[in-house]
Amino acid sequence: MVGNDKKFAVVLLSGGLDSMVAGGLAREAGYRILALSIDYNQRHRVELRAAERVARALNAMRHIVLPLDLTAFGGSALTADIDVPKDGVGDEIPVTYVPARNTIFLSLTLGLAEVAGASDIFIGVNALDYSGYPDCRPEFIDAFQTMAALATKAGVEGHAIRINTPLQYMSKADIVREAHRLGLDAGISWSCYDPTPDGKHCGLCDSCRLRAKGFAEAGLPDPTIYATRP
């Protein structure tokens, strides 16, 4: 992950803490940033407003919000009328998993990167403190990297676009510390899957619990306003 002031990267920016830190690390490495957010009609649409704030904080060259209505597929508590679980992070893949989401999103990001001439993609996937989604694992990223080299003109011509996952083996506490070190305001990011009507993090969904755990273990103040303290 060697930066160059003549290179830029596409950052897949959800508006969450992880993608914000991934973008911050891309910026620190010297990349100019083209931010891509996907409006998939998710129930926590407030994260798109957070993505706008984060893109500005990262001084992104451009921020594209791409509409892709995955409620037509459903199959997830984030895209269908299914309750978001609030009983803690379990061992099974939760119903907040959106089928093939990162495969779909990375494919779109890859297309944008190739058209824009970007050398790199940054995505904030993590396989330590996470909800167990299969498309956050290093095996998936390795497989997608192989596919990206085979499926693009850039790859065939020997200029494969690199998929960077700088948070892959970080704990949530590590990620919180990185946000602090990078001078990023974690309070502008959004994590909650089931926001309250008055715009607070619910405090009980997997994402809220993992976020709060990260701040507590990092020993740093948590700027998040929770309806119920995790």
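Asp39 counts as buried, at 18% relative accessibility, where buried means under 20% relative accessible area, exposed means over 50%, and partly exposed covers what lies in between, with a 1.4 Å probe and protein chains only. Its side chain meets that of Arg45 in a salt bridge, 2.6 Å from N to O, and a salt bridge here is a side-chain nitrogen of Lys or Arg within 4 Å of a carboxyl oxygen of Asp or Glu. Arg45, in contrast to the buried Asp39, is partly exposed, with a relative accessible area of 34%.

Before I go on, please keep in mind that this is a predicted model, in which local features need pLDDT of at least 70 and side-chain atom pairs count only at pLDDT 80 or more, while totals for chains, interfaces and linings use all residues. Residues are numbered from 1 along each chain as its sequence is written, and side-chain values use heavy atoms, with hydrogens and water left out.

Let me turn to the strands. Strand β2 covers residues 32–39, and seven of its eight residues are buried, so this strand is largely enclosed by the rest of the structure. When I say helix or strand, I mean DSSP runs numbered from the N terminus, with H or I over at least four residues for a helix and E over at least two for a strand. What is the order of the strands in the open sheet? The sheet has five strands in the order β3-β2-β1-β4-β5, with parallel pairing, and two strands pair if DSSP finds at least two bridges between them. At the edges stand β3 and β5, the latter being residues 162–164, and each has a single partner strand, so one side of each is left without a neighbour in the sheet. On average, neighbouring strands of this sheet are turned by 25 degrees against each other, direction ignored; the axes behind such angles are lines fitted to C-alpha atoms, for helices over the stretch in contact, and the angles run from 0 to 180 degrees between N-to-C directions.

We can now walk through the pairings. Strand β1, residues 8–12, pairs with β2 in the parallel sense over five bridges, and Phe8 stands opposite Arg32 in β2. On the other side, six bridges join β2 to the parallel strand β3, residues 62–67, where Ala35 has His63 of β3 opposite. Strand β4, residues 120–122, is joined to β5 by three bridges, again running parallel, and Ile121 stands opposite Ile163 in β5. Helix α2 packs on the sheet and touches β2 and β3, its direction making about 175 degrees with that of β2, where contact means heavy atoms within 4.5 Å.

How does the chain get from one strand to the next? A right-handed β-α-β unit is made by β1, helix α1 (residues 17–28) and β2, and the chain then crosses from β2 through helix α2, residues 46–57, to β3 in a β-α-β crossover that is also right-handed. A crossover is right-handed if, with the strands pointing away from the viewer, the path from the first strand over the helix to the second runs clockwise.

Coming back to salt bridges, the structure holds 12 of them. In one, the side chains of Asp18 and Lys172 meet at 3.0 Å, N to O. Asp18 lies in helix α1 and Lys172 in helix α6, residues 172–181, so the pair ties together parts that are 154 residues apart in sequence. Are these two residues buried or exposed? Asp18 counts as buried at 16% relative accessibility, and Lys172 is buried as well, with a relative accessible area of 10%. In another salt bridge, at 3.4 Å from N to O, Glu217 meets Lys213; these residues are four apart in helix α7, and are therefore separated by about one helical turn. Glu217 is partly exposed at 45%, and so is Lys213, at 32%. There is also a network of salt bridges linking Glu28, Glu178 and Arg181.

Finally, the aromatic rings. Rings of Phe, Tyr and Trp (its six-membered ring) pair if their centres lie within 6.5 Å, with planes under 30 degrees apart counted as stacked, over 60 as edge-to-face and the rest as tilted. By this rule there are four aromatic pairs, including the tilted pair of Phe140 and Phe144, which is 6.2 Å centre to centre with 50 degrees between the planes. Both residues lie in helix α4, residues 138–151, four residues apart, about one turn of the helix. Phe140 is buried at 15%, and Phe144 is buried at 4%.
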